[in-house]
Amino acid sequence: MAAKRQLFLMSSSAVHGYNYLDHVQKDLPAFMKSHGVAEVLFIPYALTDHDAYTAKVGGVLERWGFACSGLHTHPDPVAAVRAAQLIYIGGGNTFLLLRTLYEKQLLQPIREQVLERGVPYVGSSAGTNVATRSIQTTNDMPIVHTPSFDALALVPFNINPHYVEPEAGSRHKGETREERISQFHQLNGAPVLGMREGSTLLVDGDHATLQGQTQARLFRKEQTPVEYAPGDDLSFLLEERT
């Protein structure tokens, strides 16, 4: 029997009014401690300076009492993933991240660790995008080609991190985020969870709960969007078949 998936999917690492990752300084350490994690394997491939990125995230994790190593420092990335206590993929450019995961043949090993062995997974922004069925609802520019938009599919729906509505009185006439998601739904049927900055989706097996300080907005094809508040049960999204 496959182990229960354990996911901690953040919309963002940086939130206005907080230092880096401080908006999850209670929830994230509690998540890691509940699974007996002592060391985190951080995947910094969404940015190009892997050393600096790992040092930034590792500095916070070490302050919380967790060791951290960057996957780029391991001679065998697949072996490192298979030995990880917890896999954390950070934000940056989603296309660069996914291309690198394909190049290093890491998608299937990560899927196996999370879905079959119950290794906890933490994602932020781009790391949350790649945890879903595809990266088609990322906000990022396609600065590199990817072999496919298909991602880890740890959950059977899409997420739009950093979801935001237009500012009142704005003169900007480009597409709103809601309009872009509507364009996605003209050709795709998967639900899209628009996660505002400060929100986290916690998945424990077949249960999903919205956490954090902000609401999330769920978009379905040809349906009116629905708002959900922190504490709401979103487990029904894990049963999606599209």
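**Exercise 1.** At 31% relative accessibility, does Glu-227 count as buried, partly exposed or exposed?

*Solution.* The classes are set by relative accessible area: buried is under 20%, exposed is over 50%, and partly exposed lies in between (1.4 Å probe, protein chains only). With its 31%, Glu-227 falls into the partly exposed class.

The model is predicted, so local features need pLDDT of at least 70 and side-chain atom pairs count only at pLDDT 80 or more, whereas totals for chains, interfaces and linings use all residues. Residues are numbered from 1 along each chain as its sequence is written, and side-chain values use heavy atoms, with hydrogens and water left out.

**Exercise 2.** Determine with which residue Arg-217 forms a salt bridge, and place both partners in the fold.

*Solution.* Step 1: apply the criterion, by which a salt bridge is a side-chain nitrogen of Lys or Arg within 4 Å of a carboxyl oxygen of Asp or Glu. Arg-217 satisfies this with Glu-227, their closest N and O atoms being 3.0 Å apart.

Step 2: locate the partners, taking helices (H or I, at least four residues) and strands (E, at least two) as DSSP runs numbered from the N terminus. Arg-217 belongs to strand β10 (residues 216–219) and Glu-227 to strand β11 (residues 226–228), so the bridge ties together parts ten residues apart in sequence.

Step 3: assess the accessibility of Arg-217. Its relative accessible area is 18%, so this residue is buried.

Step 4: extend the search to shared partners. Glu-165, Glu-178, Arg-196, Arg-217 and Glu-227 are joined into one network by salt bridges that share partners.

**Exercise 3.** State how many salt bridges the whole structure contains, then contrast the settings of Arg-5 with Asp-206 and Arg-99 with Glu-103.

*Solution.* Step 1: the search of the whole structure yields ten salt bridges.

Step 2: consider Arg-5 and Asp-206, whose side chains meet at 3.7 Å, N to O. Arg-5 lies in the segment before β1, and Asp-206 in the loop between β8 (199–204) and β9 (207–212), so this pair ties together parts 201 residues apart in sequence. Arg-5 is buried at 14% relative accessibility, while Asp-206 is exposed at 60%.

Step 3: turn to Arg-99 and Glu-103, with closest N and O atoms 3.5 Å apart. Both lie in helix α4 (residues 94–103), four residues apart, about one turn of the helix. Arg-99 is partly exposed at 28%, and Glu-103 is exposed at 54%.

**Exercise 4.** Count the aromatic pairs and classify the pairs Phe-8 with Phe-31 and Phe-42 with Tyr-88.

*Solution.* Step 1: rings of Phe, Tyr and Trp (its six-membered ring) pair if their centres lie within 6.5 Å; planes under 30 degrees apart count as stacked, over 60 as edge-to-face and the rest as tilted. The count by this rule is six aromatic pairs.

Step 2: Phe-8 and Phe-31 are 5.4 Å apart centre to centre with 40° between the planes, a tilted pair. The pair links strand β1 (residues 6–10), which holds Phe-8, to helix α1 (residues 27–34), which holds Phe-31, across 23 residues. Both Phe-8 and Phe-31 are buried.

Step 3: Phe-42 and Tyr-88 form an edge-to-face pair, 5.2 Å centre to centre and 90° between the planes. Phe-42 is in strand β2 (residues 39–43) and Tyr-88 in strand β4 (residues 87–89), so the pair ties together parts 46 residues apart in sequence. Phe-42 is buried at 0% relative accessible area, and Tyr-88 is buried at 1%.

Step 4: Phe-42 and Tyr-88 form one aromatic cluster with Tyr-53.
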